[in-house]
Amino acid sequence: MAQLVQQIGGHQWNVREMVLNAGIGQYLAQMAIPYMYFLPRTCDPYAQATQAIVQGLQNMLAARGHHVPVDGWMGRATMDATRVYAGPRWMDKTWVQIYGDVMAGKVVARAPQATLPPARATATGDVLDPVISLASNPLAWLAGGAAFYYFVGRKRS
């Protein structure tokens with residue numbers, strides 16, 4: 001089980017301490033340390049080191065009171081609990097940063113979703129949509145050029 005030790009006197013965790021405090025054993029910690037600097041989206045989910053990292057994360061999330069299965073897989077419950085501490089863009093952080101966020105225990109406030117103004121319906125919007133999509137289609141330009149060459153561009157005998 002993870003030991004969420006408070007940082008006293010400005011102690012900075014090193015990666016080995018983070019992994020060991022997350023409940024990963026000595027042998028798996030040695031394998032997991034190089035992967036800690038990768039982004040979650042770039043790691044192979046079937047690699048043993050990645051599964052150990054996720055299992056350590058799940059141990060820490062369980063110690064924080066989240067009900068996540070400790071199975072080494074980033075399931076929906078694990079992703080939602082990680083999002084609480086690491087924010088909505090947690091997949092753009094390294095494992096070290098995610099571990100640090102969970103160890104700090106600071107809940108990230110969810111940003112309010114941007115509200116878009118209601119769409120304005122225009123009378124010409126429905127009529128011009130096919131024309132605009134046709135004008136932006138490269139195949140339509142190719143067909144138009146071929147038709148222009150056939151009717152205007154070639155010399156008649």
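Reader: Where is the place of Met91 in this structure?

Author: This is a predicted model, and in it Met91 sits in the loop between H4 and helix H5 (95-104).

Reader: Is Met91 buried, exposed or partly exposed, and what is Met91 in contact with once its neighbours within four places in sequence are left aside?

Author: With a relative accessibility of 29%, Met91 counts as partly exposed, because that class lies between the 20% and 50% cut-offs. Leaving aside neighbours within four places in sequence, Met91 is in contact with Leu39, Pro40 and Arg41. Take Leu39 as a case: Met91 and Leu39 are 52 residues apart in sequence, yet the C-alpha to C-alpha separation in space is 6.5 Å.

Reader: How should I read a pocket, and which residues line the second largest pocket?

Author: The general idea is that rolling a probe the size of a water molecule over the atoms shows where empty space is left. Here, the second largest pocket holds about 160 Å³ of space, and its lining is made up of Pro40, Cys43, Pro45, Thr50, Val54, Gly72, Trp73, Met74, Met79, Trp90, Met91 and Trp95. Sorted by class, that lining has 10 nonpolar residues, 2 polar ones and no charged ones.

Reader: Trp73 is in that lining; which aromatic pair does Trp73 form?

Author: The structure holds 3 aromatic pairs. In one of them, Tyr46 and Trp73 meet edge-to-face, with 5.3 Å from centre to centre and 70° between the planes. Tyr46 lies in the loop between helix H2 (26-32) and helix H3 (48-63), whereas Trp73 lies in the loop between H3 and helix H4 (76-86), so the pair ties together parts that are 27 residues apart in sequence. Tyr46 is exposed, at a relative accessible area of 62%, while Trp73 is partly exposed, at 35%.

Another of the pairs joins Tyr150 and Phe151, which are also edge-to-face, at 5.0 Å centre to centre and 85° between the planes. Of these two, Tyr150 is partly exposed at 45% relative accessibility, and Phe151 is exposed at 57%.

Reader: How many residues does the largest nonpolar core have, and which have the most contacts inside it?

Author: The largest nonpolar core has 28 residues, and those with the most contacts inside it are Met36, Leu57, Met60, Leu61, Trp95 and Tyr99. Helix H1 (15-21), H2, H3, H4 and H5 each supply at least two residues of this core. To follow one member, look at Met36: leaving aside its neighbours within four places in sequence, Met36 is in contact with Val15, Val19, Ile53, Thr94, Trp95, Val96 and Tyr99.

Terms used: Residues numbered from 1 in each chain as written. Predicted model: local features only at pLDDT ≥ 70, side-chain atom pairs only at ≥ 80, totals over all residues. Heavy atoms only, no water. Phe/Tyr/Trp six-rings, centres within 6.5 Å; stacked < 30°, edge-to-face > 60°. Helix = DSSP H or I, 4+ residues; strand = E, 2+ residues; numbered from the N terminus. Buried < 20%, exposed > 50% of the residue type's maximum accessible area, 1.4 Å probe, protein only. 1 Å grid on protein atoms, 1.4 Å probe; cavity = no way out; pocket = protein on both sides within 12 Å on 5 of 7 lines; lining within 4 Å. Points joined across faces, edges and corners; volume = space filled by probe spheres on them. Nonpolar A, V, L, I, M, F, W, Y, C, P; charged D, E, K, R; others polar. Contact = heavy atoms within 4.5 Å. Core = buried A, V, L, I, M, F, W, Y, C linked by side-chain atoms within 4.5 Å.
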